[in-house]
Amino acid sequence: MNVISLTLASSLVLISIFISYYQKLGVEKEIIAGTIRAVVQLTIVGYILHYIFAASNFFFTLAMLTVMVFVAGNNAAKRGKGVPGVFYDITFSIAAGAAVTLAILILFGAIHFRPQEVIPVAGMIIGNSMVSSGLTVSRLKDEIKNRTLEIQTALSLGASSRQAVQKILKVSLKTGMMLTIDNMKTLGIVQLPGMMTGLILGGVDPINAVKYQILVTFMLASTVAISCFCVTFLTYRKFFTPYHQLIANNIS
């Protein structure tokens, strides 16, 4: 794809702006700002990755992964606004999911610890963990807020904080994981995922592209499950005192 083709194709954004204007949604500025940020950010990242790939340095690669995890944690933490330490819980959860999955992939020889392989794969799993972790925290907060009376009743009857919110933990964890699970169900039928499509457009045989996509699907399921599990069982504790009393300020 040359620059002229890309420039002309970017006019597709005008459709979103027109719909927003026609329906008086008021998000035209956000669309324009998002478009500009996307172009600028991707361009900068492209040059950074070009340098990192050329250097093929372990510490540069690790630094890039660290930045990705912290940015993802910061963005996902916005869904749990008001919960003490939610940024640290989500960031740790995303890092844990990514670390375990990458370690297994490297150990089994599916990928090698080279920036050209590790960074793109990490980008996919960290991005999915960010979305799923944010959904998990948001659902957890809302469920505890909406079922405060039920929780307090359970606590007054002698239940521990864990027992009082056990059903909520399951619902929250399921919410975070279902997006990935639903995507798995429709692969190849409703959608051809980005990685597989990119490989096919790049001239790779569809059978080989499928193999890579299966690997991606499994690694996303693993990372999301680990991240959602960690963030669920780390965050719910912030709603209770050490004496198993519900903290009202954290659910407002």
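The following dialogue examines packing, aromatic pairs and salt bridges in a predicted model.

Residues are numbered from 1 along each chain as its sequence is written. In this predicted model, local features need pLDDT of at least 70 and side-chain atom pairs count only at pLDDT 80 or more, while totals for chains, interfaces and linings use all residues; side-chain values use heavy atoms, without hydrogens and water.

Student: Which helix gives the most residues to the largest nonpolar core?

Tutor: A nonpolar core is a set of buried Ala, Val, Leu, Ile, Met, Phe, Trp, Tyr and Cys residues joined through side-chain atoms within 4.5 Å; buried means under 20% relative accessible area, exposed over 50%, and partly exposed in between (1.4 Å probe, protein chains only). The largest such core has 41 residues, and Ile90, Ile126, Ile151 and Phe240 have the most contacts inside it. Helices, which are DSSP runs of H or I of at least four residues, numbered from the N terminus, that each supply at least two core residues include α3 (28-55), α5 (86-107) and α11 (206-235). The most, nine residues, come from α6.

Student: Which residues does Phe240 touch, apart from those up to four places away in sequence?

Tutor: Phe240 is one of the core residues with the most contacts, and ring pairs also link Phe240 with Phe229, Phe233 and Tyr236 into a cluster. With contact taken as heavy atoms within 4.5 Å, Phe240 touches Ile151, Leu155, Ser161, Val165, Gln245, Leu246 and Ile247.

Student: Is the aromatic pair of Phe233 and Tyr236 stacked or edge-to-face?

Tutor: Rings of Phe, Tyr and Trp (its six-membered ring) pair if their centres lie within 6.5 Å; planes under 30 degrees apart count as stacked, over 60 as edge-to-face and the rest as tilted. The count by this rule is nine aromatic pairs. Phe18 and Tyr22 form a stacked one, at 5.8 Å centre to centre and 15° between the planes. For Phe233 and Tyr236 the centres are 6.3 Å apart and the planes stand at 90°, and the pair is edge-to-face.

Student: Are Phe18 and Tyr22 buried or exposed?

Tutor: Phe18 and Tyr22 are four residues apart in helix α2, so about one helical turn separates them. They belong, with Leu12, Ile15, Ile19, Leu25 and Val27, to a nonpolar surface patch of about 730 Å² of accessible area together. In such a patch, residues have over 30% relative accessible area and no salt bridge, with nonpolar side chains (Val, Leu, Ile, Met, Phe, Trp, Tyr) joined within 5 Å and like charges within 9 Å. Both Phe18 and Tyr22 are exposed.

Student: How many residues apart are Asp89 and Lys238, which form a salt bridge?

Tutor: A salt bridge is a side-chain nitrogen of Lys or Arg within 4 Å of a carboxyl oxygen of Asp or Glu, and the closest N and O atoms of Asp89 and Lys238 are 2.8 Å apart. Asp89 is in helix α5 and Lys238 in the segment after α11, so the pair links distant parts of the chain, 149 residues apart.

Student: Why does Asp89 count as buried?

Tutor: Its partner Lys238 is partly exposed, with a relative accessible area of 25%. Asp89 counts as buried because its relative accessibility is 9%.

Student: Which residues are linked in a network of salt bridges?

Tutor: Arg139 pairs with Glu143, with closest N and O atoms 3.0 Å apart, and Arg147 meets Glu150 at 3.1 Å, N to O. The network of salt bridges links Arg139, Glu143, Arg147 and Glu150.

Key: Accessible areas come from the Shrake-Rupley method with a 1.4 Å probe; for residues, only the protein chains shown count as cover.
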